[in-house]
Amino acid sequence: MPKILIVDDDDAIRDTLYELLSEEYFCQTAETAEKAVARLEADIYDVVLTDISMPGLSGLELLGHIRQKFSDTPVIIISGIGDQEHAQGLIKLGAFDFLLKPFKLEVVEKSVRRAVEYRRRLQETSTIEGANTETKDNESDDWKIVKENFR
């Protein structure tokens with residue numbers, strides 16, 4: 001079951017998102033970006049859903065941390081700022097998606113579903129690439145053995 005980390009300092013939003021997503025995903029919550037960083041260091045998450053405006057570290061700083069240390073983890077940003085340039089800037093900084101408050105629950109579900117699928121495909125691709133690298137390495141070793149036997 002995919003793991004989702006929900007980060008928001010607003011109890012009502014955090015609880016609503018948890019209730020919405022926990023039937024389909026394994027969800028954990030954090031009320032600050034600092035607590036989210038601690039959770040990320042302790043466990044692997046398939047998606048992080050975070051508010052941008054929080055006391056202490058912001059969601060933007062959390063996004064930067066995740067991009068640096070957990071680059072395969074999609075981050076969905078929730079913000080009350082509806083400016084198009086703001087949204088595009090967050091996407092350029094590595095956010096997977098941008099959701100404007102107040103949001104519709106169906107929009108959140110769809111965004112999380114897309115992010116989970118994106119993460120799954122990334123993992124499949126890296127597994128296939130790892131297997132191909134392993135096969136190529138083994139083939140070259142086998143070729144060396146055959147080559148040496150013909151000397």
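In this predicted model, the backbone oxygen of Tyr 45 lies 3.5 Å from a polar atom of the Thr 73 side chain. Thr 73 itself is found in the loop between helix 3 and strand 4, and its side chain also takes part in a polar contact of 3.4 Å with the side chain of Arg 119. With a relative accessible area of 5%, Thr 73 counts as buried, because a residue must fall under 20% to be given that name. Leaving aside neighbours within four places in sequence, the residues in contact with Thr 73 are Tyr 45, Asp 46, Val 47, Val 48, Ile 66, Arg 67 and Arg 119.

The distances around Thr 73 can be set side by side.

| Partner of Thr 73 | What is compared | Distance |
|---|---|---|
| Tyr 45 | backbone oxygen to a polar side-chain atom of Thr 73 | 3.5 Å |
| Arg 119 | polar contact between side chains | 3.4 Å |
| Val 47 | C-alpha to C-alpha, 26 residues apart in sequence | 5.7 Å |

The chain as a whole gives these details a setting. The protein chain has five helices and five strands, and, when read along the sequence, it follows the pattern β-α-β-α-β-α-β-α-β-α. Of its 151 residues, 36% are buried, while the chain exposes about 9200 Å², of which carbon and sulfur atoms supply 52%. Among the contacts with a separation of 6 or more, 56% are between residues 24 or more positions apart.

In soluble globular proteins, nonpolar side chains tend to be buried together. Here the largest nonpolar core has 20 residues, and the members that touch the most others are Leu 5, Val 7, Leu 40, Val 48, Leu 62 and Ile 77. At least two residues of this core come from each of strand 1 (3-7), helix 2 (33-42), helix 3 (59-69), strand 4 (75-79) and helix 4 (84-92), and helix 2 gives the most, with four residues. Apart from this core lies another one, of 18 residues, among them Leu 21, Cys 27, Val 47 and Ala 115. What does Leu 5 touch, not counting residues up to four places away in sequence? Its partners are Gln 28, Thr 29, Ala 30, Ala 36, Arg 39, Leu 40, Tyr 45, Val 47, Val 48 and Leu 49.

A search of the whole structure finds one aromatic pair. Phe 96 and Tyr 118 form this pair, which is tilted, with 5.3 Å from centre to centre and 45 degrees between the planes. Phe 96 lies in the loop between helix 4 and strand 5 and Tyr 118 lies in helix 5, so the pair ties together parts that are 22 residues apart in sequence. Tyr 118, at 40% relative accessibility, counts as partly exposed.

A last feature belongs to the backbone. The peptide bond that joins Lys 101 and Pro 102 is cis, with omega at about -10 degrees, and Pro 102 has its place in the loop between strand 5 (97-100) and helix 5 (105-149).

Note on methods
Residues are numbered from 1 along each chain as its sequence is written. This is a predicted model: local features need pLDDT of at least 70, side-chain atom pairs count only at pLDDT 80 or more; totals for chains, interfaces and linings use all residues. Side-chain values use heavy atoms; hydrogens and water are left out. A nonpolar core is a set of buried Ala, Val, Leu, Ile, Met, Phe, Trp, Tyr and Cys residues joined through side-chain atoms within 4.5 Å. Buried means under 20% relative accessible area, exposed over 50%, partly exposed in between (1.4 Å probe, protein chains only). Contact means heavy atoms within 4.5 Å. A polar contact is a pair of N or O atoms within 3.5 Å; within protein, one must be able to donate a hydrogen and the other to accept it, and residues adjacent in sequence count only if both atoms are side-chain atoms. Accessible areas come from the Shrake-Rupley method with a 1.4 Å probe; for residues, only the protein chains shown count as cover. Rings of Phe, Tyr and Trp (its six-membered ring) pair if their centres lie within 6.5 Å; planes under 30 degrees apart count as stacked, over 60 as edge-to-face and the rest as tilted.
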